[in-house]
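Here are some exercises to work through with the model open beside you. Try each task on your own before you read its solution.

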Amino acid sequence: MSAVDAETGTTQSGEERAFGEVSKGYTLFADKDILVAKITPCFENGKIAQAGLKHRIGVGSTEFHVIRPDRSRLEARYLFHFLRRSQVRVAGERRMTGSAGQRRVPEAFLAGLSVPMPSLLEQKKIAEVLDRADELRVKRREALARLDELSQSIFIDMFGDPAEKRESWPTSTIGALLESATYGSSEKADLTGDVPILRMNNITKDGRVDLTELKYLDAAAVPDRHRVRAGDVLFNRTNSADLVGKSAIYRGSDSPAYAGYLVRLRVNSENNPEYLAAFLNTKYAKRVLRGMCKSIIGMANINAKELQTIRLAQPPLALQNAFAARLSEVERVKETHHRSLAELDALFASLQDRAFRGLL
């Protein structure tokens, strides 16, 4: 599952093994088949991709539905773009069966989807238009990835590699840097309400709070302990194995709620939250977090108590503040790119909608 990129809809090449080792216990698929994650939260995270293999066949998680279109009637890229629409994800989430971390999208939901069927030539033209539009989004994400690398480089330049102990600074635990570590609300969110609630999908894997898709709670259901303020770090304690541990600092001016799959980390007055947030997004911290993961009913979990035991250097507050000032310059540039990407996303969604209503 971790080999599927939800943003680009592509797969990594994976590992090569003898067929006899993997002929049982895996899902078999062919190159160019469409893979749809069936289990929560992978389906909601958008893990829908077209397999790109070096060989004719491959195997993967049993948590994939495999779709192979009849090429004489249905263009694979056309179907790929149809399935990746947000409408399909919302509808699929509503049709999930099972409980807790075992909820899955049934095969019958996919089989029953009604797909517009223009001519094969028209399908290919639509797929080409959407592919070209998507390329612009890919380039913008690549620019943002370079800026993320710059942020990490500034961290390493100022604080060194966190895997290597700095003799000049004391080491501490994450817990010692905190005023509090609090789990979020377990109230069921809805599409309407008074208070937006940040969920695990609102924390991106590159360490940002994304507010484009929100759900809401009634104000009466949100006590102060379930609200976020500027400078709080949100930690995703439960998710799929490749996304658990996502962390981001909230920089907004309002006070949204946050869901139970998140932990709110509020640093004490002797530390800067930008330092903690950046540390949690280092490659070193991600390795440590991955080693802490426990599998619970199909999902990976890291509890708040374990998180607080992770050791890290505690540089002087003045240096942490200087890092935050440098980081703010990078964040301003990133915000410009994110606004541009949001515009491209909106344009792409509009193109998708028009394409599958026959208006392109």
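**Exercise 1: Two helices that cross**

Helix 6 and helix 9 are roughly perpendicular to each other in this predicted model. Work out what angle lies behind that description, and which residues make the contact.

*Solution.* Start with the axes: those of helix 6 (residues 273-280) and helix 9 (residues 317-355) come within 8 Å and cross at roughly 70°. Angles of 65 to 115 degrees count as roughly perpendicular, so this pair earns the label. Next, look for the residues that touch. Helix 6 brings Glu274, Tyr275 and Ala278, while helix 9 brings Gln320, Phe323, Ala324 and Leu327. Finally, sort them by class: five are nonpolar, one is polar and one is charged.

**Exercise 2: Another pair of helices**

Now take helix 2 and helix 5, and decide how their axes are placed. Which residues meet?

*Solution.* As a reminder, two packed helices are described by the angle between their axes and the distance between the axes. The axes of helix 2 (residues 76-83) and helix 5 (residues 120-159) cross at roughly 55° and come within 8 Å. That angle makes helix 2 oblique to helix 5. The crossing of helix 2 past helix 5 is left-handed. On the helix 2 side you'll find Arg77, Tyr78 and His81, and they meet Gln123, Ile126, Ala127, Leu130 and Asp131 of helix 5. Sorted by class, this contact has four nonpolar, two polar and two charged residues.

**Exercise 3: How long is helix 5?**

Find the span of helix 5 and check it against the expected value. Which residue follows the helix?

*Solution.* Count first: helix 5 has 40 residues. From first C-alpha to last it reaches 57 Å, close to the 58 Å expected at 1.5 Å a residue. Then step past the end of helix 5, where you meet Gly160, with a positive phi near 80°.

**Exercise 4: Two open sheets**

Give the strand order of each sheet and say which strands stand at the edges.

*Solution.* Begin with the sheet of three strands. This open sheet has the order 11-10-15, and its pairing is mixed. Strand 11 (215-217) and strand 15 (257-258) each have a single partner strand, so one side of each is left without a neighbour in the sheet. Strand 10 (residues 195-198) runs parallel to strand 15, and two bridges join them. Look for Leu198, which stands opposite Tyr258 in strand 15.

Now for the sheet of four strands. Here the order is 9-16-12-14, the sheet is open and the pairing is antiparallel. Strand 9 (178-183) and strand 14 (247-249) are the edge strands, each with a single partner, so each has one side without a neighbour in the sheet. On average, neighbouring strands of this sheet are turned by 20° against each other, direction ignored. Strand 12 (residues 233-236) and strand 14 run antiparallel and are joined by three bridges. Val233 is the residue opposite Ile249 in strand 14.

**Exercise 5: Unusual backbone spots**

Most residues other than glycine have a negative phi, and most peptide bonds are trans. What do you find at Lys32, and what joins Thr40 and Pro41?

*Solution.* Take phi first. Lys32 is not a glycine, yet its phi is positive, about 80°. You'll find Lys32 in the loop between strand 3 (27-30) and strand 4. Then check the peptide bond: Thr40 and Pro41 are joined by a cis one, with omega about 0°. Pro41 lies in the loop between strand 4 (34-37) and strand 5 (48-50).

Technical notes: Residues are numbered from 1 along each chain as its sequence is written. This is a predicted model: local features need pLDDT of at least 70, side-chain atom pairs count only at pLDDT 80 or more; totals for chains, interfaces and linings use all residues. Side-chain values use heavy atoms; hydrogens and water are left out. Two strands pair if DSSP finds at least two bridges between them. Axes are lines fitted to C-alpha atoms, for helices over the stretch in contact, and angles run from 0 to 180 degrees between N-to-C directions. Angles under 35 degrees count as roughly parallel, over 145 as roughly antiparallel, 65 to 115 as roughly perpendicular and the rest as oblique. A crossing is left-handed if the near helix is turned anticlockwise from the far one by less than a right angle, and right-handed if clockwise. Contact means heavy atoms within 4.5 Å. Ala, Val, Leu, Ile, Met, Phe, Trp, Tyr, Cys and Pro count as nonpolar, Asp, Glu, Lys and Arg as charged, and the others, Gly among them, as polar. The expected span of a helix is 1.5 Å times one less than its number of residues.
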